[in-house]
Amino acid sequence: MKRYLDSEFGVRMLDICHVCRKENSIIHIEGDADYCFKCFKKMLLDELGDKNVFEYSKYVTVREPNGTLHSFLVTHRMIGQMPAWEAVEQGGEYKFSNMSFANDNGTDVVCEFLDQVLRGISSKTLRYMDPNKLRARLADKGTVTVVESEDSLLEIGFVVDGEYFSGHEFVRLLAGYEGFNLRYQVHEPTEGTLLEDEYLVPTIITRELLTEEVREIIDKYTMKRYITTDLITKFEKDFAAAELKLKIFLNGEKRREAVAAGKEIVRMINRLESDSDQFPGKLIARLEKMIFPYGADERDFY
Ligand SMILES: [Zn+2]
């Protein structure tokens, strides 16, 4: 039996994927259809293949686990050499963005981005204290976006779980935490939402520790600088943690030290050899973009 879900924004979504007619639908493309994640990916592969340099602008509605629908204008455009994704909620305050790289697989990038949106809307920072959702407080961890105030150009406001709060309203969300410390870390919007089961654990990041960590990973998986094809995936999995630390380091205040660490890591990776024509070339390209997002001019500066 057909059952429809309605959004406050006037979107109707069939509750079952229109392709496989088995899985729950979670993505609705305006003027197209309702998909489960698997069929959505298949549709994209047919439409997009692996190209990643294109313009895209579509209204996409996604469903969070509790059934609430959120409609976004999803756009993909080029900022210089970098393809950038943005999803801006219609009739709400959620906003997600991400950068990809020109040589990434387009279908993978779209799926990853929509996954970021889905996980973002599903990870809540507000805790409601009554069934009518009139009183809320902040959870003990989460994500808050700092925005321009809706009332005054000179002030700032906050967006939590897609809802706008003035400075004064935001402070009230902290009631109950008197006497506690609020430890914080500011992140680029592309780093996404702190997920339901994710916590920020203090980690020491210095040039020495980071390069040492990478050296250990290289030693673990290589023999005389050579890495066998079957170990590349394992290497990249271990390396992802170090890569995230490098990203956080680069976005912080000690950028010069972070760039030095990044360059040293690139040198280490560059010395590796494999039978894959993707490795380490693709990884190096990604690291270079991360260290010097503005290209060669910036490289000369450091
Ligand atoms: Zn399906």
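Two strands count as paired if DSSP finds at least two bridges between them. Keep that rule in mind as you explore this predicted model.

**The whole protein**

Start with everything shown. The C-alpha trace spans about 65 × 55 × 35 Å along its principal axes. In cartoon view you can look for eight helices and 13 strands. Buried residues account for 22% of the 302 residues. If you consider contacts between residues at least 6 apart in sequence, 48% of them join residues at least 24 apart.

Now give each domain its own colour: residues 3-122 for domain 1, 126-187 for domain 2 and 207-301 for domain 3. Between the C-alpha centres of domain 1 and domain 2 the distance is 27 Å. Where these two touch, domain 1 supplies five residues and domain 2 supplies four residues. On the domain 1 side, the touching residues comprise two nonpolar, one polar and two charged.

**Stop 1: the three-stranded sheet**

Select residues 145-148, which are β11, and 163-166, which are β13. Both are edge strands, pairing on one side only. They belong to an open sheet of three strands with antiparallel pairing, in the order β11-β12-β13. From one strand to the next, the twist averages 40 degrees.

Add residues 156-160 to your selection to bring in β12. How many bridges join β11 to β12? There are four, and the two strands run antiparallel. Show the side chains of valine 146 and phenylalanine 158: the valine stands opposite this phenylalanine of β12.

**Stop 2: the six-stranded sheet**

Next, find the open sheet of six strands, ordered β4-β3-β5-β6-β7-β8 and paired in the antiparallel sense. Select 34-35 for β4 and 95-99 for β8. These strands stand at the edges with a single partner strand each, so one side of each has no neighbour in the sheet.

Moving inward, select β6, residues 69-79; eight bridges pair this strand with β5 in the antiparallel sense. Leucine 69 in β6 has arginine 63 standing opposite.

Then switch on helix α2, residues 106-122. This helix lies across β3 (27-29), β5, β6, β7 (82-89) and β8, and runs at about 150 degrees to β8.

**Stop 3: glycine 49**

Select glycine 49, in the loop between α1 (37-48) and β5 (56-63). Is glycine 49 buried or exposed? A residue counts as exposed if 12 or fewer other C-beta atoms lie within 10 Å of its own. Glycine 49 has 11 such neighbours, so it is exposed. Setting aside neighbours within four places in sequence, glycine 49 is in contact with Gly106 and Thr107.

From here, draw a C-alpha to C-alpha distance to glutamate 213: the two residues are 36 Å apart in space and 164 residues apart in sequence.

**Stop 4: a pair of helices**

Glutamate 213 leads you to the last stop, since you can find Glu213 among the α4 residues that touch α5. Select helix α4 (residues 207-221) and helix α5 (residues 229-250). Their axes are 10 Å apart, and the helices pack at an angle of about 175 degrees. Because of that angle, α4 is roughly antiparallel to α5.

Show side chains at the contact: from α4, these include Leu210, Val214, Ile217 and Tyr221, while Phe235, Phe239, Leu246 and Phe249 are among those from α5. Colour the contact residues by class and you should find 10 nonpolar, no polar and four charged.

Technical notes. Residues numbered from 1 in each chain as written. Predicted model: local features only at pLDDT ≥ 70, side-chain atom pairs only at ≥ 80, totals over all residues. Domains from an automatic or database assignment. Contact = placed C-beta atoms within 7 Å. Nonpolar A, V, L, I, M, F, W, Y, C, P; charged D, E, K, R; others polar. Axes fitted to C-alpha atoms, helices over the stretch in contact; angles between N-to-C directions. Parallel < 35°, antiparallel > 145°, perpendicular 65-115°, else oblique. Buried ≥ 20, exposed ≤ 12 C-beta atoms within 10 Å, placed from the backbone.
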